[in-house]
Amino acid sequence: MGFVMETLSVNKEGNLALGGVDLTEVAACFGTPAYVMDENYIRENCRVYINALNKFYDGNGLALYASKALSCKYIYRIMKEEGMGVDVVSGGELYTALAADFPAEKIYFHGNNKTDDELEFAIEKNVGRIVVDNLPELDRISAIAEKQGKNVKVLFRIKPGIDAHTHSFVQTGQIDSKFGVALETGEAEQIVKYASELKNVTPVGVHCHIGSQIFELAPFTLAAEKMMNFIGDLKDKYRIEISELNLGGGYGIKYTDEDDPIAYDKYIEAVSKVVRSVAEKRGVKLPFVIMEPGRSIVASAGLTLYTVGAVKEIPDIRTYISVDGGMGDNPRYILYQSKYQAASVTNPLGKDTKKVTIAGKCCESGDLLAEGAELPPMHAGDLLAVLATGAYNYSMASNYNRIPRPPVVMIKDGETRLAVKRESYEDLIINDL
Ligand code: LLP
C-alpha cells in the first residue's frame, strides 16, 4: 500500500517526511495537533490548471481557487503569486482575501443567500464578478450598484440538470437545489434577459457547479455542452452575448487507495473540445472559460499531525486509538463518513499492522477520524498522521468542547513557517462578555 500523498516520503531515519521535512521535527517545533502542508505542491497544482488552459484553450480562461477549501491570508498570497483568481462565498472569505492584498478584480463572489451587507462590501471593493443566484438578489445587486454609482459585472448560477455523484452521474430535473436557477423551467433564460435590461448590471457569464469529488469526464463535458447551448439560445432568442463560461470545481482527489483521480489537465482538454465544437455549431464566440478547483488544489498537499493518547483494545470488537484532535479539526468523518489513510510518523512502513479505529477527544461517540485504518502497533506518545486533509478541514474546523483550532504549518523548499497560529485559550474567550 503506497501513501495517497505524492510528496510524502520516508527519510533515512525511517520517519515520515513531507516536502523533505521530517514530521517529528515539525511536531517538536509546532506541537500537535497541527495541519502541515507542502506549499510547493499547492503551487504545482495551480500551474497544472493554468498550463492546461494555456495549452488546450489558448490561455482564454482563468483558474479560480475555490477558497472555501482552505481560507487564510497565506493561501490568498500564494494564489496571487501564481496568477490564479479566487472564488469567495462570504463576506469573511472576501475580507480575508482583501486583507492579503488579493486583487479585487480577480475575485468572484458566490453564494445562494448573500446579505445586503456582503453585497455592499463586495461592490464597494469592486470585486471582479458577482455570481447571481436568484431574481430578488439580482434586484438587490442592481439597487446597491445604483446607490454606489457603479456597474456590476455578473454571472448567473445555473442548474444544468446534471447531478454528479462519485463514480456515477445522473441527468435529472435537479430543480430541487438551493443553488441557482433552473435551465429547463425557463427560469435561467428569464433572469439573464431581465438582467440585460438593468442599467447598473452587465450580464457577462453563466456558471454551474455540478458536484464535488468527481472522478469522471462525462459529467463535465455534458455540463459544458448544455451551458454552451444555453449561450447559443440566449444569442438566438434575445441577441444577448455571453462571453464567460464558468464550469465550477469538483475534480476528485485520492483519499484512499480506492480513489483513482484523473489528471486535472484532462478535464480542460475534454471540456475545451466540447466548448469549441458547440461554439462552432451554434455560431457563438468562444467564451472565456473559468474553472473553480478547490479540493484538488490543496487536499493532497496537507496532512494532520496528532499525538496518540489512550489506546483501548476491546477484545474481539475493536481497538480505539485516541488522538489529541478529532471532529473539531476534521469534521468530515462525522459529517460524511469520509475515508482517510493514516500512518505512523516514526514507523510508517511498520509490519504487523492491524485495523484500528482512530478516535478524537470530543465528548461524542461519533467523533472518529477513521475506521479500519491499517496501522502498526501504536502507543501513547506516538505521532500519527492523517493524510490528505488539506481541503475542508481547517476551513470547516470548530471550537466544539472549547478545543483551540490547530495551526497551519507550511513547508516550502525544506523550510517550515506558520501560515496560521495555533489558537490559544485567550482566543477562545475573546468575544465572551
Ligand atoms: N465552485 C463552487 C460554486 C462550489 O460550490 C464549490 C464547492 C467549488 C467550486 C469547489 O469544489 P471542489 O473543487 O472543492 O470540489 N465540504 C465538502 C465540500 C463542499 C463543496 C462545496 N462547493 C467536503 O468536505 O467534501
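Q: What makes the shell around the ligand a matter of both domain 1 (8–38 + 299–428) and domain 2 (110–293)?
A: In this predicted model, the shell takes at least three residues from each of domain 1 and domain 2.

Q: How do you know that domain 1 and domain 2 touch?
A: Their C-alpha centres lie 36 Å apart, but the test for contact is heavy atoms within 4.5 Å. Seven residues from domain 1 and six residues from domain 2 take part in the contact.

Q: Why does the distance from serine 212 to the ligand count as a polar contact?
A: A polar side-chain atom of serine 212 is 2.3 Å from a ligand oxygen atom. The cut-off for a pair of N or O atoms is within 3.5 Å, so this pair counts.

Q: What about aspartate 87 and the ligand's nitrogen atom?
A: Here a polar side-chain atom of aspartate 87 sits 3.4 Å from that nitrogen. The limit is 3.5 Å, so this one is a polar contact too.

Q: Which part of glycine 250 comes in at 2.8 Å from an oxygen atom of the ligand?
A: That's a backbone N or O atom of glycine 250. With the cut-off at 3.5 Å, the pair therefore passes. As for cover, the protein takes up 86% of the 580 Å² of accessible area that the ligand has on its own.

Q: Why is Ser212 said to be near the ligand?
A: Near means a heavy atom within 4 Å. Ser212 has a side-chain atom at 2.3 Å, so it qualifies. It's among the closest of 18 surrounding residues, along with Glu292, Arg295, Arg332 and Tyr392.

Terms used:
Residues numbered from 1 in each chain as written. Predicted model: local features only at pLDDT ≥ 70, side-chain atom pairs only at ≥ 80, totals over all residues. Heavy atoms only, no water. Polar contact = N/O pair within 3.5 Å; in protein donor to acceptor, adjacent residues only side chain to side chain. Areas by Shrake-Rupley, 256 points an atom, 1.4 Å probe, with all protein chains shown as cover. Domains from an automatic or database assignment.
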